[in-house]
Number of protein chains: 2
Amino acid sequence: MQLARLIGPDLLALAEENPAEVAELVDEIHPEDVAQIVAELEDEQARSLLTALPTDYAAQVLARLDEERQGRLAELLGARSVAAIATEMPADDRADFFSVLPDSVGDPAFEELERVAPQAAEEVEEIQSFPEKSAGRWMTTDYIAVDSTLRLGVAIEEIRAKAADAETVETIYVTDQPGHLIGTLSLRQLLLSKPNELVSEVMHGNPISVPSDMDQEEVAKLIANYDLHTLPVVDQQGSLLGVITSDDVLDVIREETAEDMEKMGGMEALDAPYLKIAFGRMVKKRASWLAALFLGEMLTATAMAYFEDEIARAVVLAMFVPLIISSGGNSGSQASTLVIRAMALDEVKLKDVWRVVRRELAAGLVLGTVLGTIGFFRIVVWQTFSPLYGKHYMLVAITVFGSLVGVVTFGTLAGAFLPFTLRKLGFDPASASAPFVATLVDVTGLVIYFTMASIVLHGTLL
Amino acid sequence: MQLARLIGPDLLALAEENPAEVAELVDEIHPEDVAQIVAELEDEQARSLLTALPTDYAAQVLARLDEERQGRLAELLGARSVAAIATEMPADDRADFFSVLPDSVGDPAFEELERVAPQAAEEVEEIQSFPEKSAGRWMTTDYIAVDSTLRLGVAIEEIRAKAADAETVETIYVTDQPGHLIGTLSLRQLLLSKPNELVSEVMHGNPISVPSDMDQEEVAKLIANYDLHTLPVVDQQGSLLGVITSDDVLDVIREETAEDMEKMGGMEALDAPYLKIAFGRMVKKRASWLAALFLGEMLTATAMAYFEDEIARAVVLAMFVPLIISSGGNSGSQASTLVIRAMALDEVKLKDVWRVVRRELAAGLVLGTVLGTIGFFRIVVWQTFSPLYGKHYMLVAITVFGSLVGVVTFGTLAGAFLPFTLRKLGFDPASASAPFVATLVDVTGLVIYFTMASIVLHGTLL
């Protein structure tokens, strides 16, 4: 990797002066490194470097750039070059690539692809016919399958002939005559077996496979749990359609994680890197969430107005309002984070709701008592130094203690319960973000606090 | 998978009646499925099922159970069975396994392992000698390496002989005479090349490798960015020590994500599944964070006390306190989430700090103006229906508008800046959790609000 950073400028100079040597040079460099170099170049420079690269290598570099850049470079390269490069991409990358190109260059390039490599174009159409974010959309059709009735010697010859084009060779898929997936062969088994054995005798039966419409988050979980390198995709009849490879899973998991984090931070997911997304688009995505939370939070002003008389009579009550409601919000966001995380890792399922609620009720009471005790002593100790809270300071301290127990318990319960409700209703539990829970708890917190005050302080301050 | 759920009870019955048939039955079942069955069984039943399984299969099942269960079953199985099972695990899983066993069974089992399989025991000690969470701790030593001076025909024979024991065979590593890693051979290349070619002629040079002390989060990023299936680990001299496989990466990425989420939710990372961690341990981890936030939040009571006179004179001011401070907290947690996420994805680096701050300053001003405008009209429109805010309602509305612009801008800036500061100081930027930012912004928000009020309302309400 260090190598690539050093040779970046040289590579560009070479591409301009002596394109023929570029091919030789990049043979030992990972396409990711060249993609990082290209990402820093001006469009025109990037184009000349891509043109100097061998087509199959250029395909790997181009597929690693961000969508916007892919579009701009495709415009510069023109339909013919784009089609030639796309032909060299694995089928899944090729389908992705065409789905992000602007029509102005994507349409002529696809027509060109249909002309020069009809099979490659057909694969794109096939993959794009599956719903977005489904297993089918994500699979490659560049795998190797052999018939179960072959002898291993013959099968190995077939595999050898197909290996150069396949995206994955570690696992060979075994199909019966109508094309149903019935087993797998590992290269390890091939290395260890004798040429005259039948494929059906050596293969591993009962392979794990998924239907083409399975959601990609489910697919990612399956691959992670079963430590799979590849996962075959089948249609309703069990016929092999394609294969998902585990390197694609890493990307999906990272994307899903980023989305979850953004939801939990109280905003719609950005669909581009932070420094690259247009300012207006970013602000719009953020403003809509903040405004929604703000409208909810307005209820606090209504609640406070309702208790205006109490505040006027005992201004000391106002002093603890931020402390009380923020404690409820913090404990609520803690509980919702815990539950969302446990749901994402499948540690907690919908049916566990009452176990979780019981646990969080207990946790909330303990946590509330801890914070309440700290708050109580804060007031009592402070009072001995400066008589800030008046002669009824002990009653104020009791009010704060009781309110904290109530607010923290309520916040914890609400935070734990909300993700279950959202999932039950078919929403993403990660939408139970900290700010959302806090807003919910703030209003209730005020009601709990002032109700507690009117009970404890009745006849003295109120 | 469905299959395994159906046969769960049968498998157990068979293990008790006719253990010999179990081996044949599980041949077609993924160990993860059997692990899920075992997870639901009583300890004694689990023990008899594990005993009935072929040792290498039992090893795969045991390695997939959670730590506590591994310890309890190891006690029941006894040192000799444990050593026999551990011998069949890949070296990295074996090292993990011994690191989680309680000493009471781990020590005698390890002594037994040293006796029956000294090499396996040595591998465990070697892996455990690397620091926790480093690349060395995570690698397997069950890989295949061949000498660069061999002819391919000879190399293939060597590979064939070693393939049965290796965890990964898709990539073969090539070393020179002193053992330095100098290249890789893919099985695909082997399939396509001629037996009399030299390994050094066919191999792919300049392999990507990592030092044994690299942090596992860095390793995971590298594997994800470069779409690697395996990644070799070398010592300072460049000698090959072991290999990391991408299936382990998925687990690490999920763990790291969960930790980040927990930090962002305002708590220390739990180190066990939610429903399994002891109640006391969980509450302790949560209470420490909540208490720390609570102590910080107490400054709001101090700030409110400072403005007691203003509140007493204009109680209407108290009504908007929750709304103002929560808006600052929400915008701050949104900004910090964005920056933390962008840092995790390497979209933003330390050197980008001023670009980000400029962007967030602009975003904060826009978002503050949006919320301020909503707040302004809320007060003005409400007043026409019920004269809640007195005759100076217009001045109150202006105070709220100005405060929101100030508080949201400050919150956004603070939320964006904090992750940079934490990273610069060597802490995890994810510690800039929503609750932490909110606490910081709450106090400042109060000061901004009451300062704004004293300017706008001077001579009227104040």
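In this predicted model, S333(B) is buried, with 31 other C-beta atoms within 10 Å. A residue counts as buried from 20 such neighbours upward, so S333(B) meets the criterion. S333(B) sits in helix α20 of chain B, which runs through residues 321-344. Sequence distance and spatial distance diverge at this position. S333(B) and P435(B) are separated by 102 residues along the chain. Their C-alpha atoms are nevertheless 7.6 Å apart in space.

V339(B) belongs to the largest nonpolar core, which has 151 residues. The residues with the most contacts inside this core are A318, V339 and L367, each named in chain A and in chain B. Leaving aside residues up to four places away in sequence, V339(B) touches V348(B), V356(B), A416(B) and P419(B). A second core is separate and holds 70 residues. Among its members are V210(A), V199(B), V210(B) and V249(B). In soluble globular proteins, nonpolar side chains tend to be buried together.

The fold of chain A was examined next. Chain A contains 22 helices and seven strands. Its radius of gyration is 31 Å, whereas the globule rule gives 23 Å for 462 residues. Chain A is therefore more spread out than a compact globule. Along the principal axes, its C-alpha trace spans about 95 × 55 × 40 Å. Buried residues still make up 50% of the 462 residues in chain A. Of the contacts in chain A with a separation of 6 or more, 71% join residues 24 or more positions apart.

The domain assignment divides chain A into three parts. Domain 1 covers 2-129, domain 2 covers 145-245 and domain 3 covers 279-456. The C-alpha centres of domain 2 and domain 3 of chain A lie 54 Å apart.

Helix α5 of chain A spans residues 55-63. Seven of its nine residues are buried, so the helix is largely enclosed by the rest of the structure. The buried positions are Y57(A), A58(A), A59(A), Q60(A), V61(A), L62(A) and A63(A). The cover over these residues includes five other helices of chain A: α2 (19-26), α3 (31-40), α4 (43-52), α6 (67-87) and α7 (91-100).

L62(A) gives a residue-level view of α5 in chain A. L62(A) is buried, with 26 other C-beta atoms within 10 Å. Not counting residues up to four places away in sequence, its contacts are L50(A), Q70(A), L73(A) and I85(A). R94(A) is 32 residues from L62(A) in sequence. The C-alpha atoms of L62(A) and R94(A) are 10 Å apart in space.

N206 stands out for its backbone geometry in both chains. In chain A, N206(A) has a positive phi of about 50°, although it is not a glycine. N206(A) lies in the loop between β4 (204-205) and β5 (210-211) of chain A. It has 14 C-beta neighbours inside 10 Å and so counts as partly exposed. In chain B, phi of N206(B) is near 50°, again positive in a residue other than glycine. N206(B) is placed in the loop between β4 (204-205) and β5 (210-211) of chain B. With 13 C-beta neighbours inside 10 Å, N206(B) is likewise partly exposed.

The relation between the two chains was then analysed. Two copies of a chain are related by a rotation about an axis and a shift along it. Here, a turn of 180° and a shift of 0.0 Å along the axis lay chain B on chain A with an RMSD of 0.2 Å. That is the relation of a two-fold axis.

The contact takes 98 residues from chain B and 97 residues from chain A. On the side of chain B that touches chain A, helix α17 (residues 279-306) of chain B supplies the largest share, 15 residues. By class, this side of chain B has 60 nonpolar, 18 polar and 20 charged residues. Of the interface residues of chain B, 99% are also interface residues in chain A. The copies therefore meet through the same surface.

Note on methods: Residues numbered from 1 in each chain as written. Chains lettered and ligands numbered in written order. Predicted model: local features only at pLDDT ≥ 70, side-chain atom pairs only at ≥ 80, totals over all residues. Contact = placed C-beta atoms within 7 Å. Helix = DSSP H or I, 4+ residues; strand = E, 2+ residues; numbered from the N terminus. Nonpolar A, V, L, I, M, F, W, Y, C, P; charged D, E, K, R; others polar. Least-squares fit on C-alpha atoms with pLDDT ≥ 70 in both. Domains from an automatic or database assignment. Rg over C-alpha atoms; globule rule 2.2 N^0.38 Å. Buried ≥ 20, exposed ≤ 12 C-beta atoms within 10 Å, placed from the backbone. Core = buried A, V, L, I, M, F, W, Y, C linked by C-beta atoms within 7 Å.
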